[in-house]
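Open the model in your viewer and keep the selection panel at hand. We will walk through it stop by stop, with something to pick at each one.

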Amino acid sequence: MAVAVDNDMSIFSLIAGASLPVQLVLLVLIITSLFSWWYIFIKLATIKRAEASADDFENAFWTGGDLNKLFEGITAGHRKAQGMASIFEAGFKEYARHKQQPRMEISDVMEGSRRAMRAAYNRELDDLDAHLPFLASVGSVSPYIGLFGTVWGIMNAFRGLSNVAQATLSQVAPGIAEALVATAIGLFAAIPAVIAYNRFASSVDRLSVRYESFMEEFTNILQRKS
Amino acid sequence: MIRAYEKEVSWKAGAYAIGVHLVLLVALLISFNWKAAHPVLNIAEVELWDSLPKDVQKPMSAPIIEEQAKPAPIVDEAPKPETVNEEKPAEPKIDIALEKKKKELIQKELVKKELEQKKLDEQFKKDKALEQKKQLDALKAEVSKDKPIKNNTSDALKKLQQEALADDKSEGDKQAISAKASANAGVVGNAINKIQAKIRGNVNKTLCREGNPELMFDIILLPTGQLSGIPKLVKSSGSAACDEAVERAIMASDPLPLPADSSLFSQFRNLKLKFRPND
């Protein structure tokens with residue numbers, strides 16, 4: 001009568017044996033995790049590129065070349081200028097337009113180019129901030145989704161236990177193990193999202209500070225020119 | 001979902017993201033040994049009243065009859081290893097031989113009566129299914145009529161027979177594992193007899209007077225032999241007083257005697273006790 005039943009506890013059979021709500025939770029979490037990692041890699045690449053282009057532009061700008069030449073170099077490129085270059089482009093274009101008009105007050109010219117730079121700066125910041133709210137939501141919510149799946153699974157496991165006279169650990173263990181998979185995946189989605197969010201937020205802050213200080217300095221240079 | 005300027009990196013990022021998840025899956029598969037083997041709890045069935053009813057007139061339920069009729073196949077198997085039995089010590093051999101002769105006699109009688117019954121039935125009825133059913137019923141009645149003869153044989157004899165049967169099996173197999181299993185079966189049988197004796201001594205049989213009820217209790221034992229929780233009534237006798245009497249007897253027998261070998265305890269963890277108090 002001593003029959004040892006080989007209880008298949010592979011991760012696949014655990015997921016297949018889970019109840020429908022737990023499976024839905026797992027599906028949602030896996031999709032969320034995939035998206036959050038996708039955005040993490042996208043943001044890693046774009047922020048790195050924005051920092052590199054800001055470095056390049058600052059180098060080009062502060063070597064003291066002709067501003068007209070720099071402007072032509074930026075607008076000549078087949079693609080739209082990004083980052084600091086786009087702020088410079090917007091400010092310098094506005095300045096040149098105002099300068100072409102006669103009898104223009106210098107303060108009005110400066111004000112116009114400042115507004116143009118501010119608008120370009122906001123667009124750039126909006127691009128830099130893209131997807132960060134999603135990462136923040138994933139980081140804060142997905143542990144709760146995972147916890148919900150776990151609680152549901154454990155509820156089921158204990159409900160099944162009520163029909164048994166003597167509760168042994170082997171009767172609840174598979175149910176709890178399959179329920180805990182939900183928490184594990186929730187944490188797997190949340191931890192990188194939180195880390196990435198914090199890192200990207202600080203990178204975006206530093207970039208925005210660089211953009212703003214460039215705006216101030218460029219305004220001063222334009223003012224000196226006129 | 002993604003901005004225009006992100007499009008050129010999106011494919012690469014997607015591939016990385018899927019890669020990360022594959023790494024997680026592989027890590028889950030490798031780092032955990034998900035396979036687990038659980039031994040199923042052994043359930044030994046113990047019959048506390050193994051003697052049979054003396055009063056055949058009393059109404060009997062069908063399942064009981066079927067269980068009583070079961071010993072017949074054992075008789076068919078028994079003659080094969082007879083040569084093996086002769087090598088055994090004198091006392092058990094005689095007992096077994098006696099038992100076998102007795103059983104053979106019973107069977108011959110049965111066959112005779114069956115034949116007579118057949119002739120009678122063929123005269124009266126042509127419907128074969130009905131006929132067979134009747135034969136079966138007759139057979140069962142016969143068996144229960146003949147059983148009281150066997151009742152004279154002591155418990156010890158039965159035990160010996162059980163052990164001899166177990167030995168036969170092991171010698172037939174010639175395998176160490178089965179030999180050990182049969183040895184264990186002997187010890188288990190012993191221990192079950194002890195449990196039987198102890199509980200039987202505590203039952204107030206006067207409370208189970210009417211009819212020939214059968215009840216079944218599930219009890220869960222601790223390794224010390226103590227009861228874990230109260231015995232669970234699986235099948236009632238129909239009389240609450242009788243059920244309670246047996247339940248009290250089980251409680252009074254706490255702790256139950258267990259074999260010294262603790263490795264056999266798994267066969268006693270969940271005991272299903274069958275009672276026929278009026279036998």
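What pLDDT does chain B average, and what share of the residues scores at least 70? Colour chain B by confidence: the average is 70, and 57% of the residues score at least 70. Keep in mind throughout that this is a predicted model. For the model, the scores are ipTM 0.79 and pTM 0.52.

**Stop 1: the confidence range in chain B**

Select helix H1 of chain B, residues 7-31, where confidence in this chain is highest, at 89. Then move to helix H4 of chain B, residues 82-86, which is the lowest, at a mean of 48. Residues 74-78 of chain B also have a pLDDT below 50, and this stretch has four contacts in the model beyond near neighbours in sequence. Now widen the selection around H4(B) to residues 80-88 of chain B: pLDDT stays under 50 there, and the model has ten contacts for them beyond four places in sequence.

**Stop 2: a strand with two faces**

Next, pick strand E3 of chain B, residues 215-220, and show the side chains. Which of them point to the buried face? Leu215(B), Phe217(B) and Ile219(B) do, while Met216(B), Asp218(B) and Ile220(B) point to the other face and are not buried.

Add the partners of E3(B) to your selection. Strand E5 of chain B, residues 270-275, runs antiparallel to E3(B) and is joined to it by six bridges. Strand E4 of chain B, residues 232-235, also pairs with E3(B) in the antiparallel sense, over three bridges. Centre on Asp218(B) to see both pairings from one residue: Lys272(B) stands opposite it in E5(B), and Lys232(B) is its bridge partner in E4(B).

**Stop 3: over to chain A**

Switch to chain A and display the cartoon. You will find seven helices and one strand, and from the N terminus on the order is β-α-α-α-α-α-α-α. Of the 226 residues in chain A, 31% are buried. Among contacts in chain A with a separation of 6 or more, 81% are between residues 24 or more positions apart.

For one such long-range example, select Thr219(A) in helix H7 of chain A, residues 169-225. Leaving out residues up to four places away in sequence, Thr219(A) touches Met110(A) and Arg114(A). Draw a C-alpha to C-alpha distance to Met110(A): the two residues are 109 apart in sequence and 7.0 Å apart in space.

Is Thr219(A) partly exposed or buried, and why? Thr219(A) counts as partly exposed because it has 17 C-beta neighbours inside 10 Å, whereas a buried residue needs 20 or more.

Technical notes: Residues are numbered from 1 along each chain as its sequence is written. Chains are lettered from A and ligands numbered from 1 in the order in which they are written. This is a predicted model: local features need pLDDT of at least 70, side-chain atom pairs count only at pLDDT 80 or more; totals for chains, interfaces and linings use all residues. Helices (H or I, at least four residues) and strands (E, at least two) are DSSP runs, numbered from the N terminus. A residue is buried if 20 or more other C-beta atoms lie within 10 Å of its own, exposed if 12 or fewer, and partly exposed in between; C-beta atoms are placed from the backbone. Two residues are in contact if their C-beta atoms, placed from the backbone, lie within 7 Å. Two strands pair if DSSP finds at least two bridges between them. pLDDT is the predictor's confidence in each residue, from 0 to 100.
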